[in-house]
Amino acid sequence: MLGDAQSFQDVFALDMPSLKNGSEGDIISALESGRRVLVRVRGYDKLMLRGHGVRIGDETLLLNFGFGMTLPHAIISFALNEADFSPSDHVIELLFLYQASQAIMGEISRANIALEHERREAERISVTDTLTGLLNRRGFLVECGKLAAAGNNPQYAIAALDLDLFKEVNDRLGHAAGDEVLVAVAEAIRLGVRRGDVVGRVGGDEFLILFGGLASQPGLLGILQRIIERIEVPILLGSGTARLSASVGVARFAMSFDCDLGREIARADAALYRAKAMGGGRVILADRG
């Protein structure tokens, strides 16, 4: 085992502070005493051997060590093959097969996790407005569909909001400034609604808001009026100051599995156009459907 080595220390490096600087005799004495020692094979830092020595003759000391690395690692590190094992022992073949199957199953598991992450990310992107982070039209309708299927609270209202003077902002300050304004408006709406309300950007400067659980019409109108007030706060941009307002049309309806959401959005849009025709900066209720 020691080959051409002249001493124990030519082959092994002690990994014990109390013996690291000991002489050959100290090491042999420790091994003979049955004391458990830790050594590393020189040139193979990852290989740790643990065990003790057993005197079996005047000049013979049997080192009874166990590997401190997995057998597959040892096989790779020392380039072992079937010739290094008993011909009747097929453990090495089984071990290789086991390790290969474990590696394959690990790769399959990692691939499945990555695919699921990519699927979820693709789904998130497909329902998200990339500029504002709000839902896009598809995402808004998907969320409305979930609420309709749940049927927990049938009383809902949908608000269609469109910015006043947005074209003037784009013409005067540029489209990049317009994008900054849309991000600021999205945040104003997000901060103005309640937890559980659904908000989406469904066009250039068009937004939809779905409200649930509002017991009174004044409460609904109050929320929307406060959102308009938030939007009317001047927005400071690098290229200038943007001043704008918003017009809102809102339709109240009973949510159900078979309700025509497109019809309710159209009612809210019609009320929105009336609000714009009246000068903007206001909320108009839709006619009863």
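In this predicted model, Ala 157 stands opposite Arg 252, a residue of strand β10. The pair belongs to a longer register: β5 and β10 run antiparallel and are joined by 10 bridges. Strand β5 spans residues 155–164 and β10 spans residues 245–254. Of the 10 residues in β5, 9 are buried, and the strand is accordingly described as mostly covered.

Strand β5 also pairs with β7, again in the antiparallel sense, over 7 bridges. Within this pairing Asp 162 is found opposite Glu 206 of β7. Strand β7 comprises residues 206–212. Because 5 of its 7 residues are buried, β7 is largely enclosed by the rest of the structure.

From β7 the description passes to β6. The two strands are antiparallel and are connected by 4 bridges. They form a hairpin, with 4 residues lying between them. Two pairs of opposed residues illustrate the register of this hairpin: Gly 200 has Leu 208 of β7 as its bridge partner, and Arg 201 faces Phe 207 of β7. In a regular strand, side chains point alternately to one face of the sheet and to the other.

These pairings can now be placed in the whole sheet. It is an open sheet of 5 strands with mixed pairing, and the order is β6-β7-β5-β10-β11. Strands β6 (198–201) and β11 (283–285) occupy the edges; each has a single partner strand, so one side of each lacks a neighbour in the sheet. From one strand to the next, the twist averages 20°. Helix α8, residues 217–231, packs on this sheet and touches β5, β7, β10 and β11. The direction of α8 makes an angle of about 155° with that of β10.

What does Val 283 touch, leaving out residues up to four places away in sequence? The residues in contact with Val 283 are Leu 221, Leu 224, Gln 225, Ile 228, Val 248 and Val 250. Val 283 itself lies in β11. Although β11 is an edge strand, Val 283 counts as buried, because its relative accessibility is 18% and the limit for burial is under 20%. The C-alpha atoms of Val 283 and Gly 222 are separated by 9.5 Å, while the two residues are 61 residues apart along the chain.

A second buried position lies in a loop. Asn 136 is placed between helix α4 (91–126) and helix α5 (137–150). With a relative accessible area of 17%, Asn 136 is buried. Apart from neighbours within four places in sequence, Asn 136 contacts Ile 125, Ser 126, Val 127, Thr 128, Asp 129 and Arg 201. The last of these, Arg 201, is the residue that stands opposite Phe 207 in β7.

Another loop residue deserves attention for its backbone. Leu 165 has a positive phi of about 75°, although it is not a glycine. Its place is the loop between β5 and helix α6 (166–173). Is Leu 165 buried, partly exposed or exposed? Its relative accessibility of 48% makes Leu 165 partly exposed, since the exposed class requires over 50%.

The surface offers a contrasting case. Val 54, Ile 56 and Leu 62 make up a nonpolar surface patch of about 260 Å². Among these residues, Ile 56 is located in strand β3, which covers residues 44–57. Ile 56 is classed as exposed because its relative accessibility is 55%.

The chain as a whole gives the setting for these details. It contains 9 helices and 11 strands, and 36% of its 289 residues count as buried. Of the contacts in the chain with a separation of 6 or more, 56% are made by residues 24 or more positions apart. The exposed area of the chain is about 16,900 Å², and carbon and sulfur atoms supply 55% of that area.

Terms used. Residues are numbered from 1 along each chain as its sequence is written. This is a predicted model: local features need pLDDT of at least 70, side-chain atom pairs count only at pLDDT 80 or more; totals for chains, interfaces and linings use all residues. Side-chain values use heavy atoms; hydrogens and water are left out. Two strands pair if DSSP finds at least two bridges between them. Axes are lines fitted to C-alpha atoms, for helices over the stretch in contact, and angles run from 0 to 180 degrees between N-to-C directions. Contact means heavy atoms within 4.5 Å. Patches are made of residues with over 30% relative accessible area and no salt bridge: like charges are joined within 9 Å, nonpolar side chains (Val, Leu, Ile, Met, Phe, Trp, Tyr) within 5 Å. Accessible areas come from the Shrake-Rupley method with a 1.4 Å probe; for residues, only the protein chains shown count as cover. A salt bridge is a side-chain nitrogen of Lys or Arg within 4 Å of a carboxyl oxygen of Asp or Glu. Buried means under 20% relative accessible area, exposed over 50%, partly exposed in between (1.4 Å probe, protein chains only).
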